Amino acid sequence: MDEKEIIQSSKIFSNFKFHKYKHEFKKLVEDGQSPKALFVGCSDSRVLPNLITNTGPGDLFVIRNIGNFVPEYQPDSEFHSTAAAIEYAVSVLEVEDIIVCGHSHCGAISSLFKPSITNPDLVHVKKWLELGEEPKNFIESFGLEKEETIIKTEKYSTLFQIQNLLTYPAIKRRVEEGKLFLNAWYYVLEEGKIYTYDFEKAEFSTL
Ligand SMILES: [Zn+2]
């Protein structure tokens, strides 16, 4: 869809579909938002958090970035978009769950297995993808065949991102107090299925 088509489609929402949500949004405006979960997903246009979880307005606080990565806590004066949204979700909205959701056919993950980026127009992409290096190296150490290595990296990268979430003091504190739970998910585009990581069994299984 180009911009003109998106405008046309938006008109269909305003004129025909919004009425279904009218009361819901009125209440959400009056009461304010109080989502119970923070969803950290990939920017990939095929991974739609509300669609794949069958949730609606007010249900999810969402962060999307390339590769559904979470940088470690860095209390400096730089602009940290992902960290700021995490802080807001945890310390203002007081979400009870954080879901880090990886997905199949993730361009960010597969690019970790390609030659290093040299295009100067992608300087921030190159830096950002460093957040996938540790899981990539870990999975590669098992010496599996390439396709399986990529799929496993897509899945298990989410656990590395959860480790990074725990470097945020407010997250660590709330997890220890039993007020916040961290979840690793994997969404398969071609199946429409979500697999969740069971920390006791140490494996992903379907919902
Ligand atoms: Zn992706």
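This passage describes the fold of a predicted model, from the whole chain down to single residues.

At the level of the whole chain, the protein is built from eight helices and six strands. Followed along the sequence, these elements come in the pattern α-β-α-β-α-β-α-α-α-α-α-β-β-β. The C-alpha atoms occupy a box of roughly 55 × 45 × 40 Å when the principal axes are used as the frame. For 207 residues, a compact globule would be expected to show a radius of gyration near 17 Å, and the 18 Å computed for the protein chain agrees with this. Of the 207 residues, 28% are buried. Among contacts with a separation of 6 or more, 65% join residues that are 24 or more positions apart.

The strands come next. All six strands of the chain belong to an open sheet, arranged in the order 2-1-3-4-5-6 with mixed pairing. Which strands stand at the edges? These are strand 2 (60-65) and strand 6 (203-206); each has a single partner strand, so one side of each lacks a neighbour in the sheet. From one strand to the next, the twist averages 30 degrees.

It helps to recall that strands of a sheet pair through backbone hydrogen bonds, in either a parallel or an antiparallel sense. Both senses appear here when the sheet is followed from strand 3 to strand 6. Strand 3 (residues 97-103) pairs with strand 4 (residues 181-188) in the parallel sense, over seven bridges. Within this part of the sheet, Gly102 stands opposite Tyr186 of strand 4. Strand 4 then pairs with strand 5 in the antiparallel sense, over four bridges, and Tyr187 stands opposite Ile194 of strand 5. These two strands form a hairpin with four residues between them, and Gly192 in the turn has a positive phi of about 70 degrees.

A further antiparallel pairing, again over four bridges, links strand 5 (residues 193-198) with strand 6. Here Thr196 has Ser205 in strand 6 as its bridge partner. The hairpin made by strand 5 and strand 6 has four residues between the strands, and Ala202 takes a positive phi near 55 degrees there.

Backbone angles of this kind deserve a closer look. Most residues other than glycine have a negative phi. Ala202 has a positive phi of about 55 degrees although it is not a glycine. Its place is in the loop between strand 5 and strand 6, and Ala202 counts as exposed because it has 8 C-beta neighbours inside 10 Å, where 12 or fewer is the cut-off. Asn54, likewise not a glycine, has a positive phi of about 50 degrees. This residue is found in the loop between helix 2 (49-52) and strand 2. Is Asn54 buried or exposed? With 7 other C-beta atoms within 10 Å, Asn54 is exposed.

Turning to the helices, a packed pair is described by the angle between the two axes and the distance between them. Helix 3 (residues 81-92) and helix 8 (residues 169-176) pack at an angle of about 35 degrees, and their axes are 10 Å apart. The crossing of helix 3 past helix 8 is left-handed. On the helix 3 side, the residues that meet the partner are Glu87, Val90 and Ser91, while helix 8 contributes Ala170, Ile171 and Arg174. Sorted by class, this contact has three nonpolar, one polar and two charged residues.

Two further helical positions complete the account. Glu24 is located in helix 1 (residues 3-31). This residue counts as exposed because 12 C-beta neighbours lie inside 10 Å, and exposure is assigned at 12 or fewer. Which residues does Glu24 contact, leaving aside its neighbours within four places in sequence? They are Gly56 and Pro57. Although Glu24 and Gly56 are 32 residues apart along the chain, their C-alpha atoms are separated by 9.4 Å. Gly107 is found in helix 4 (residues 107-111) and is exposed, with 11 other C-beta atoms within 10 Å. Between Gly107 and Pro35, which are 72 residues apart along the chain, the C-alpha separation is 29 Å.

Note on methods: Residues numbered from 1 in each chain as written. Predicted model: local features only at pLDDT ≥ 70, side-chain atom pairs only at ≥ 80, totals over all residues. Buried ≥ 20, exposed ≤ 12 C-beta atoms within 10 Å, placed from the backbone. Contact = placed C-beta atoms within 7 Å. Axes fitted to C-alpha atoms, helices over the stretch in contact; angles between N-to-C directions. Left-handed = near helix turned anticlockwise from the far one by under 90°. Nonpolar A, V, L, I, M, F, W, Y, C, P; charged D, E, K, R; others polar. Rg over C-alpha atoms; globule rule 2.2 N^0.38 Å. Pairing = 2+ DSSP bridges.
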